[in-house]
Each structure stands twice: as structure tokens, then as C-alpha cells.
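New to this one? Here is a relaxed walk through it, from the overall layout down to single residues. Have a look at the picture first.

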Amino acid sequence: MKKLIRFSAILALAAMLTACAGANNQQTGTGVGAAAGAGVGAILGQAIGRNTTSTLVGAGIGAVLGGVAGNQIGAYMDRQEQQLRQLEAASIQRDHDVLTATFKSDMFFDFNSADLKPGAYSELDRVANVLNNFPQTTIRVEGHTDAKGSVEYNQGLSERRALSVRNALAQRGVDPRRIEAVGYGKSQLISSDDAANRRVVVVINPIRQG
């Protein structure tokens with residue numbers, strides 16, 4: 001009987017997570033999931049995350065991780081922005097309460113590779129330290145490529161690079177439930193300069209209380 005109850009609970013939770021993932025699949029780009037949940041939910045989320053066509057299952061993340069009261073969000077993000085601007089390798093932008101840190105891809109990866117360079121880890125240590133200082137945020141790691149090569153190849157490369165950064169941040173103590181990894185390939189070019197288009201972007205949003 002206990003086994004039947006546990007199995008029923010797993011099926012119900014799996015159905016809920018699948019419904020959430022289906023809703024998020026309308027997003028542009030390919031999200032590589034970092035599902036949120038405790039116990040069995042975390043295991044199911046990890047399984048969903050291995051599917052490179054799925055997106056972050058974010059339902060209930062605010063309830064799990066807490067949030068910032070509306071009248072405190074501005075000051076909270078101000079403090080985080082100040083710390084991010086101390087990262088010499090990142091270009092920091094802010095749009096209202098959303099922070100974006102952009103890193104040149106060649107700082108983290110060799111050409112056509114999704115394996116992090118040895119020198120990337122010290123910078124990711126600093127990034128993770130800031131993210132851990134401000135846990136009431138969600139994080140989207142975006143991989144972008146230049147225009148060379150096929151759409152399919154660049155899409156896959158950008159996904160793998162985003163996952164590499166996501167995993168490195170998680171290994172440095174950033175709660176993986178907060179992190180979504182997304183590959184955009186060459187769909188969001190920002191320049192005629194190939195080097196500028198090859199980039200990793202970390203987008204940080206506050207979790208609002210309530």
C-alpha cells in the first residue's frame with residue numbers, strides 16, 4: 001500500500017511538472033531545464049532538464065526560495081548591481097530591476113567548444129559569489145553564437161555552452177532551482193562583429209514576494 005501511495009504521488013507530481021514545462025515551451029530559444037522542487041520533485045526536474053528541448057520548470061519557485069517585498073526590490077537590485085560591476089570581465093546593464101551581465105564567449109570557451117577553459121573558473125567563482133549573496137533572484141544563462149555555420153549547429157553549441165556555465169555555477173553553491181540555461185544560437189545577433197556576437201549572458205530577475 002505504501003509503495004502504491006508513493007507511486008501515485010510521483011505520477012501526480014510528474015503530470016504537474018510536465019504541464020508547467022509545456023506552458024514554458026512557448027518561450028523563444030531552447031530552455032535547458034533546472035526544475036524546482038524538493039524530494040521526488042527535484043529528481044523529476046533533473047530528468048526533465050536532460051531534455052534539451054524542455055524549458056525551466058519554474059512553477060512555485062517564489063514560494064520555495066522566498067522573495068523580496070515590492071518596496072525593497074529596487075534597493076536589493078542596487079546592491080547586487082554594485083557587486084556585479086566589480087567583475088572586470090563583464091559588461092553590466094540594467095533595465096528597471098533586471099540585471100544583465102554579458103561575457104565574451106572566448107573568455108569561457110575555445111572556438112567550437114563547450115568545455116570551460118581553465119581560466120574561466122576564477123571568473124565564475126566571482127560571479128557565483130555575487131549570485132549567492134542575493135538568493136532572492138532567478139538566473140537565466142544564455143548562450144549566443146556568431147552567424148557562421150548552420151542554424152542547427154549553432155543552436156546546439158549555444159545550448160551546451162549555457163549548460164556548462166549553469167553547471168559550473170551550481171557546483172559553486174548557486175541553487176540550481178534558480179538557474180535556467182537557454183541556447184539562442186545565432187538568432188539574436190547584436191553586431192556585424194563575430195566576436196561581439198559570441199557571448200554568454202547572465203540575466204538576473206528579482207523574485208517578488210507574494
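What follows goes from the chain as a whole to a helix pair, then to salt bridges, aromatic rings and two loop residues.

**The overall layout**

Keep in mind from the start that this is a predicted model. The chain has eight helices and six strands. If you read along the sequence, they come in the order α-β-α-α-α-β-β-α-α-β-α-β-α-β. The chain is 210 residues long, and 44% of those residues count as buried. Now take the contacts in the chain between residues with a separation of 6 or more: 74% of them join residues 24 or more positions apart.

**Two helices side by side**

A good place to zoom in is the pair made by helix H4, residues 73–84, and helix H6, residues 120–133. Their axes come within 10 Å and cross at roughly 170 degrees. Since an angle over 145 degrees counts as roughly antiparallel, H4 and H6 are therefore roughly antiparallel to each other.

Which residues in H4 and H6 meet? On the H4 side they are Gln80, Gln83 and Leu84, and on the H6 side Val130, Leu131 and Asn133. Sorted by class, this contact of H4 with H6 has three nonpolar residues, three polar ones and no charged ones.

Gln80 deserves a closer look. This residue is found in helix H4. Is Gln80 buried or exposed? Its relative accessibility is 0%, so Gln80 counts as buried. Setting aside neighbours within four places in sequence, Gln80 is in contact with Leu99, Val130, Leu131, Phe134, Thr137 and Ile204. Val130 and Leu131 in that list also belong to the H6 side of the helix contact.

**Salt bridges**

How many salt bridges does a search of the whole structure find? The search turns up 12 salt bridges. Here are three of them, with the distance between the closest N and O atoms:

| Residue | Partner | Closest N and O atoms |
|---|---|---|
| Lys117 | Asp110 | 3.8 Å |
| Glu142 | Arg140 | 2.8 Å |
| Asp175 | Arg177 | 2.7 Å |

How do these residues sit with respect to the surface? Lys117 has 25% relative accessibility, so this residue counts as partly exposed. Its partner Asp110, at 46% relative accessibility, counts as partly exposed as well. The Glu142 bridge is a mixed case: Glu142 is at 7% relative accessibility and so counts as buried, whereas Arg140 is at 25% and counts as partly exposed. In the third row, Arg177 is partly exposed, with a relative accessible area of 22%.

Salt bridges can also join up into something bigger than a pair. Here, Asp78, Glu81, Arg85, Arg94, Asp97 and Arg208 are linked in a network of salt bridges.

**Aromatic rings**

Next, the rings. A search of the whole structure finds three aromatic pairs. One of them is made by Phe103 and Phe108, which form a tilted pair with 5.2 Å centre to centre and 35 degrees between the planes. Phe103 has 2% relative accessibility, so Phe103 counts as buried. Phe108 is at 1%, so Phe108 counts as buried too.

Phe108 also pairs with Phe109, and this pair is edge-to-face: 6.3 Å centre to centre, with 90 degrees between the planes. Phe109 is buried, just as Phe108 is. Put together, the ring pairs link Phe103, Phe108 and Phe109 into a cluster.

**Two loop residues to look for**

Last, a pair of backbone details. His96 has a positive phi of about 60 degrees although it is not a glycine. Where is His96 placed? This residue is in the loop between strand E2 (91–95) and strand E3 (98–104). His96 is exposed, with a relative accessible area of 70%.

Asn112 is the other case: Asn112 is not a glycine either, yet it has a positive phi of about 60 degrees. You'll find Asn112 in the loop between helix H5 (105–108) and H6. At 41% relative accessibility, Asn112 counts as partly exposed.

Note on methods. Residues are numbered from 1 along each chain as its sequence is written. This is a predicted model: local features need pLDDT of at least 70, side-chain atom pairs count only at pLDDT 80 or more; totals for chains, interfaces and linings use all residues. Side-chain values use heavy atoms; hydrogens and water are left out. Axes are lines fitted to C-alpha atoms, for helices over the stretch in contact, and angles run from 0 to 180 degrees between N-to-C directions. Helices (H or I, at least four residues) and strands (E, at least two) are DSSP runs, numbered from the N terminus. Angles under 35 degrees count as roughly parallel, over 145 as roughly antiparallel, 65 to 115 as roughly perpendicular and the rest as oblique. Contact means heavy atoms within 4.5 Å. Ala, Val, Leu, Ile, Met, Phe, Trp, Tyr, Cys and Pro count as nonpolar, Asp, Glu, Lys and Arg as charged, and the others, Gly among them, as polar. A salt bridge is a side-chain nitrogen of Lys or Arg within 4 Å of a carboxyl oxygen of Asp or Glu. Buried means under 20% relative accessible area, exposed over 50%, partly exposed in between (1.4 Å probe, protein chains only). Rings of Phe, Tyr and Trp (its six-membered ring) pair if their centres lie within 6.5 Å; planes under 30 degrees apart count as stacked, over 60 as edge-to-face and the rest as tilted.
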